[in-house]
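Here is a short set of exercises to work through with the model open beside you. Try each task before reading its solution.

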Amino acid sequence: MSIELKTDPKYGYYPWWPENGDDWVHPEDVELARRMVPSPRVWRRDGQQGEFVVLTYGEQVLRVRRTLWKDLPYEGFDIGNLVEVRTRGMQNDHRTGTITEMLWDDHTGTLRYQVHEPNEEVENGRTYTADDLKHVEQTDARPEVRIEPPEEDGEEYELK
């Protein structure tokens, strides 16, 4: 009996262009790779598609051959997560928003997260560590219930 080890998801980034040329990237993804690699963006490896590894960064999907990238620890947060920014003794302004960027800070050796509030027109560029963030449970949208008054006196109220 063999046991298959689950190795994905994994997280990492490309601080350099992995090889000479574009052979390491799926032909349909070269333009995206050229825009996003190299960079401090932290990609999530989500398995394989044929001979290519599937990487995601939010809604961006990149297919690459196995290449050297820098593995990073997973801290429990992903792009798209709804989070609360903790004040941490007034170091941060309290806010709630969605993680829009996951970046590796090579200088400090930490993952940094950019949070965008729904009412912000432009992202402020401020980043936070995992210690600054707390997951917020998504609330379920409840259906609207209206109570219509009776059309004639003496009828019962009707739920619609």
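**Exercise 1. The chain as a whole**

What does the accessible surface of the protein chain come to, and what percentage of it belongs to carbon and sulfur atoms? Add the share of buried residues and the order of helix and strands.

*Solution.* Keep in mind that this is a predicted model.
- Step 1: the accessible surface comes to about 11200 Å², and carbon and sulfur atoms hold 46% of that.
- Step 2: of the 160 residues in the protein chain, 34% are buried.
- Step 3: the protein chain has one helix and twelve strands, and along the sequence they follow the pattern β-α-β-β-β-β-β-β-β-β-β-β-β.
- Step 4: among contacts with a separation of 6 or more, 49% join residues 24 or more positions apart.

**Exercise 2. A pair of rings**

Classify the aromatic pair of Tyr-14 and Trp-24, then say which parts of the chain the pair ties together.

*Solution.*
- Step 1: rings pair if their centres lie within 6.5 Å, and by this rule the count comes to seven aromatic pairs.
- Step 2: Tyr-14 and Trp-24 are 5.3 Å apart, centre to centre, with 45° between the planes, and the pair is tilted.
- Step 3: both residues lie in the loop between β1 (10-13) and α1 (30-36), so the pair ties together parts that are ten residues apart in sequence.
- Step 4: Tyr-14 is buried at a relative accessible area of 2%, and Trp-24 is buried at 1%.
- Step 5: now do likewise for Trp-43 and Tyr-57, a tilted pair with 5.6 Å centre to centre and 50° between the planes. Here the link runs from strand β2 (residues 43-49), which holds Trp-43, to strand β3 (residues 52-57), which holds Tyr-57, 14 residues apart. Trp-43 and Tyr-57 are both buried.

**Exercise 3. A cluster and a charge**

Which residues form one aromatic cluster with Tyr-14, and over which ring does the charged end of Arg-34 sit?

*Solution.*
- Step 1: Trp-17, Trp-24 and Trp-69 join Tyr-14 in one aromatic cluster.
- Step 2: the charged end of Arg-34 sits over the ring of Trp-17, at 4.1 Å from its centre.

**Exercise 4. An open sheet**

Find the order of the five-strand sheet, its edges, and the partner of Glu-84.

*Solution.*
- Step 1: the open sheet runs β9-β8-β7-β6-β10, with antiparallel pairing.
- Step 2: β9 (127-128) and β10 (133-135) are the edge strands, each pairing on one side only.
- Step 3: β6 (residues 82-85) pairs with β10 in the antiparallel sense over three bridges.
- Step 4: Glu-84 has Lys-134 in β10 as its bridge partner.

Terms used. Residues numbered from 1 in each chain as written. Predicted model: local features only at pLDDT ≥ 70, side-chain atom pairs only at ≥ 80, totals over all residues. Heavy atoms only, no water. Phe/Tyr/Trp six-rings, centres within 6.5 Å; stacked < 30°, edge-to-face > 60°. Helix = DSSP H or I, 4+ residues; strand = E, 2+ residues; numbered from the N terminus. Buried < 20%, exposed > 50% of the residue type's maximum accessible area, 1.4 Å probe, protein only. Lys NZ or Arg CZ within 6 Å of the ring centre and 35° of its normal. Pairing = 2+ DSSP bridges. Contact = heavy atoms within 4.5 Å. Areas by Shrake-Rupley, 256 points an atom, 1.4 Å probe, with all protein chains shown as cover.
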